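Welcome! Here is a short tour of a protein for someone meeting it for the first time. Take a moment to look it over before reading on.

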Amino acid sequence: MIIKTTKDIPASEITDPLVFNKRRQIIKAMLAATLTGAGISPVLANNNESIWADVPKSDFSVDALTPTPAELIKNYTNYYEFSFNKKDATVLAQNITTDPWSIEISGEVEKPGSYYLEDILRQQTLQESIYRFRCVEAWSMVVPWVGFSLGSLLKTVKPLSTARFVKFTATYQPEIMPKQHNHAMLEWPYVESLRIDEAMHPLTILAVGMYGDILPKQNGAPLRLVVPWKYGFKSIKAIVKIELLKRPPITTWNKFAPHEYGFYSNVNPAVAHPRWSQNSERQLGSGFFTPRRQTELFNGYGEQVASLYSGMDLRHFF
Ligand code: MTE
C-alpha cells in the first residue's frame, strides 16, 4: 500500500485553504438542501459551521447531561479497521470516501434494495439525541448525536414476520483500512447484530452527525448505529449492509471471545467482564481526582428498555 505524505504532493496539487473551506461549505449546503428538501440553508450562507444546529430534540434525549467536549470524542476512538490505538483513526479514517454511500437492505423484508444514503435521509426525520455512551472497557462519555430512528428506516422496507434479528455489516476497504489485512485476531468486515425488537426500539438510532455537524469519519461516518443501553462495541460504524434474518448471525467480538462479549452486551454493573469489573466507569474528560461514575443497569435507560428482557436471566444472556 502506498501512503502519500504531504512531502510527495506537488505544490500544484495542494488546495488553497480558502478554496478548500469554500468547497466544504458548498458540500455542507448541498447536504443540508437535500435533507430539508429546500434551497440552500441561510444558516450556511452565514458561514455557520453547525449545519444541524436547529434539529429538534428527540424525546429520549437526556438534556440534563453535559456532553463530553467534542475534541475528546473525536480524538479517543475505537476503530479497529484502522488501528488498535485510540488516536490513530483521527488521521487514518480521513481516507474513507463517504460520498456517495449506499446501504444494501436485504433478507426478510418485502422491499429489499440498495439505497443511497441521501435518499434515505430525505425520508427520515433528523433529531438530536444526547445519550450516554458506555464502552465495555469501562470508560464513558455523553454524545449529542444527530440521527434518525432505525425502526423508522426498517419500516420503510417492510420487515416480514419471519425477521427476528438484524445484522449490520461495516465497510470492507483493506486498501485504506490497514488492520483488515490481518484476519488473525478479528474477522472482517466488522459485523454486529440486534434482536428485531431492540432494533425497532425508539432509543436505537442511526447517527449521521454529532454536535450539530456531520459525523467525523473516525466516529463512524457517514452512518453508524447507536444503541445507548448496550456496550459501545455494538454501535457499529460505517455501515454498508443491513440484513433482516431469521436466526442470530455470527458477530465480530462474540466470535473473537464469546465468554467476554455476549450477544446482548447490555450495560450491567452486576455482570463483570472476565478480566475487569463493570461496576464503575471513568468519564472521558474527568480530572484525575474525579471519582469514577457508578455504572447503571442498561446505562440508565432501564425505564425504557428493561421490558425487552423481562423474564431473562441477564447473567446468562449477558
Ligand atoms: N465499528 C467499526 N466498524 N469498527 C470498530 O472498531 N469499534 C466499536 C464501535 N463500533 C468499532 C465500531 C467500539 S469497541 C466502540 S467502544 C465504539 O465503536 C467507539 O465509538 P467511538 O470511537 O465513536 O467512541
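A residue is near a molecule if one of its heavy atoms lies within 4 Å of it. With that cut-off in hand, we can look at the ligand in this predicted model. Around the ligand there are 17 residues, and the closest are Tyr-80, Glu-81, Asn-219, Arg-224 and Lys-237.

**The ligand and its partners**

Some of the surrounding residues bring an N or O atom close to a polar atom of the ligand. In the side chain of Lys-237, an N or O atom is 2.6 Å from an oxygen atom of the ligand. The side chain of Arg-224 has an N or O atom 2.7 Å from a ligand oxygen atom. Ser-235 takes part through its backbone: an N or O atom there lies 2.9 Å from a nitrogen atom of the ligand. How much of the ligand does the protein bury? Taken alone, the ligand exposes 530 Å², and the protein buries 99% of that.

**The protein as a whole**

Stepping back, the protein has 9 helices and 12 strands. It is made of 318 residues, and 48% of them are buried. Its exposed area is about 15900 Å², with carbon and sulfur atoms supplying 55% of it. Among contacts between residues at least 6 apart in sequence, 70% join residues at least 24 apart.

**Two residues in one loop**

The loop between helix 3 (70-75) and helix 4 (89-92) is home to Phe-84. Lys-86 has its place in the loop between helix 3 and helix 4 as well. Are they buried or exposed? Phe-84 counts as partly exposed because its relative accessibility is 41%. Lys-86, at 18% relative accessibility, counts as buried, because buried means under 20%.

Phe-84 joins Met-185 and Phe-256 in a nonpolar patch on the surface, and together they have about 260 Å² of accessible area. Lys-86 makes side-chain polar contacts instead: one with the side chain of Asn-78 at 3.0 Å, and another with the side chain of Glu-137 at 3.1 Å. Leaving aside neighbours within four places in sequence, the residues in contact with Lys-86 include Tyr-76, Thr-77 and Trp-139.

**Salt bridges**

The structure holds 16 salt bridges. Here are some of them:

| Salt bridge | N to O distance |
|---|---|
| Glu-187 and Lys-255 | 2.7 Å |
| Arg-134 and Glu-281 | 2.9 Å |
| Glu-118 and Arg-122 | 4.0 Å |

Let us start with the last row. Glu-118 and Arg-122 are 4 residues apart in helix 5 (residues 117-123), so about one helical turn separates them. Glu-118 is partly exposed, with a relative accessible area of 35%, and Arg-122 is partly exposed too, at 47% relative accessibility.

The side chains of Arg-134 and Glu-281 meet in a salt bridge. This pair links distant parts of the chain: Arg-134 sits in strand 3 (residues 127-134) and Glu-281 in strand 11 (residues 280-283), 147 residues apart. Both Arg-134 and Glu-281 are buried. They also belong to a network of salt bridges that links them with Arg-132, Arg-293 and Glu-296.

A salt bridge also joins the side chains of Glu-187 and Lys-255. Glu-187 lies in the loop between strand 5 (165-170) and strand 6 (191-195), while Lys-255 is in helix 8 (residues 252-256), so the pair ties together parts that are 68 residues apart in sequence. Glu-187 counts as partly exposed at 44% relative accessibility, and Lys-255 is partly exposed with a relative accessible area of 46%.

Conventions:
Residues are numbered from 1 along each chain as its sequence is written. This is a predicted model: local features need pLDDT of at least 70, side-chain atom pairs count only at pLDDT 80 or more; totals for chains, interfaces and linings use all residues. Side-chain values use heavy atoms; hydrogens and water are left out. Patches are made of residues with over 30% relative accessible area and no salt bridge: like charges are joined within 9 Å, nonpolar side chains (Val, Leu, Ile, Met, Phe, Trp, Tyr) within 5 Å. Accessible areas come from the Shrake-Rupley method with a 1.4 Å probe; for residues, only the protein chains shown count as cover. Buried means under 20% relative accessible area, exposed over 50%, partly exposed in between (1.4 Å probe, protein chains only). Contact means heavy atoms within 4.5 Å. A polar contact is a pair of N or O atoms within 3.5 Å; within protein, one must be able to donate a hydrogen and the other to accept it, and residues adjacent in sequence count only if both atoms are side-chain atoms.
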